[in-house]
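Visitor: Please take a close look at one part of this model and follow its contacts outward. I would like the cut-off behind each term stated once.

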Amino acid sequence: MPQLPDVPLPGLYGDAIMDHYRSPRHREPILQPDVESHEYNPFCGDEITLQIKLDDCGRVAAVSSVSQGCSIIQASASMMADVMPGRSLEQLGQLSQTFRSMMRGNSPASEALLQMGELPALQVVRQYPVRIKCALLPWVALEEGIEKVQARSELADS
Ligand code: ZN
């Protein structure tokens, strides 16, 4: 499997990324997830399986975020999973937009920053444009999961 060398990420942001890379959170699989999605990027061998369990109100009760590949996808997958519990899928869709916008170079509003946990650390990855995809892959999986749930509820409504 081709794997790109990990980029040097100095400073506090780099430390947060390496911390999540070395000790990723939320990797315990969920036995009966409400939704599961999988993404793969052959460019650097990055891979993620995301599982979500929802509560009765449609909020995230549990999340499993198992990634493989470079430090950036693993940190992004772990930091994303950290902020998911308790949120509705709609809120997570908005967060995903905010995250994508941040990776394109827009600084999140201070109100949005409060919702983002350690995710703003991934802003350093903007220095390496080809690696932005690595940071986004877990969010592609999240968006796919949200779409699956929405498609299901539309089916149930019709
Ligand atoms: Zn990668």
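**From a buried serine to the zinc site**

Guide: With a relative accessibility of 3%, Ser37 counts as buried (under 20% relative accessible area, where over 50% is exposed and anything in between is partly exposed, using a 1.4 Å probe and protein chains only). The model is a predicted one, in which local features require pLDDT of at least 70 and side-chain atom pairs count only at pLDDT 80 or more, whereas totals for chains, interfaces and linings use all residues. Residues are numbered from 1 along each chain as its sequence is written, and side-chain values use heavy atoms, with hydrogens and water left out.

Ser37 belongs to strand β1, residues 35-41 (strands are DSSP E runs of at least two residues and helices are H or I runs of at least four, numbered from the N terminus). Its side chain reaches the backbone oxygen of Ala141 at 2.7 Å. Beyond its neighbours within four places in sequence, Ser37 is in contact with Ile48, Thr49, Leu50, Ala141, Glu144, Gly145 and Lys148 (contact means heavy atoms within 4.5 Å).

Leu50 leads onward, being a contact of Met80 as well. The other contacts of Met80, with neighbours up to four places away left aside, are Leu119, Pro138, Trp139 and Leu142. Met80 is located in helix α2 and, at 0% relative accessibility, counts as buried.

Helix α2 deserves the closest attention. The helix has 13 residues and spans 19 Å from its first C-alpha to its last, close to the 18 Å expected at 1.5 Å a residue (the expected span is 1.5 Å times one less than the number of residues). Since 12 of its 13 residues are buried, α2 is largely enclosed by the rest of the structure. Among those buried residues are Ser71, Ile72, Gln74, Ser76, Ser78 and Val83. The buried residues of the helix pack against α1, β2, β3, α3 and α5.

One link between α2 and α1 is polar. Ser78, in α2, has a relative accessible area of 1% and is therefore buried. Its side chain makes a polar contact of 2.7 Å with the side chain of His20 (a pair of N or O atoms within 3.5 Å; within protein, one must be able to donate a hydrogen and the other to accept it, and residues adjacent in sequence count only if both atoms are side-chain atoms). His20 sits in helix α1 and is likewise buried, at 0%. Leaving aside sequence neighbours within four places, His20 touches Arg25, Ala75, Ser78, Met79, Asp82 and Glu118, while Ser78 touches His20, Pro24, Arg25, His26 and Ser65.

His26 occupies the loop between α1 and β1 and is partly exposed, with a relative accessible area of 29%. Its phi is near 60°, a positive value in a residue other than glycine. Most residues other than glycine have a negative phi.

The apolar surroundings can be described as a core. The largest nonpolar core holds 44 residues, of which Ile72, Phe99, Met103, Leu122 and Leu142 touch the most other members (such a core is a set of buried Ala, Val, Leu, Ile, Met, Phe, Trp, Tyr and Cys residues joined through side-chain atoms within 4.5 Å). Two or more residues each come from α1 (11-22), β2 (46-54), β3, α2, α3 (89-103) and α5. Helix α5 supplies the largest share, 10 residues. Met103 itself touches Leu122, Val125, Arg126, Ile132, Ala135 and Leu136, not counting residues up to four places away.

The zinc ion brings the description to a metal site. Its protein donors are Cys44 (SG), Asp46 (OD), Cys70 (SG) and Cys134 (SG), at 2.0 to 2.5 Å (donors are N, O and S atoms within 2.8 Å of the metal, or 3.2 Å for Na, K and Ca; water is not among the atoms, so sites may look incomplete). The four donor atoms subtend angles of 81 to 150°, and the arrangement is therefore irregular (tetrahedral requires all angles between 85 and 135 degrees; square planar for four donors, and octahedral for six, require opposite donors over 155 degrees apart and all others between 65 and 115; anything else is irregular). Along the chain the donors follow C-x1-D-x23-C-x63-C. Cys70 lies in the loop between β3 (60-68) and α2 (71-83) and Cys134 in helix α5 (residues 132-157), so this pair ties together parts 64 residues apart in sequence. Both Cys70 and Cys134 are buried.
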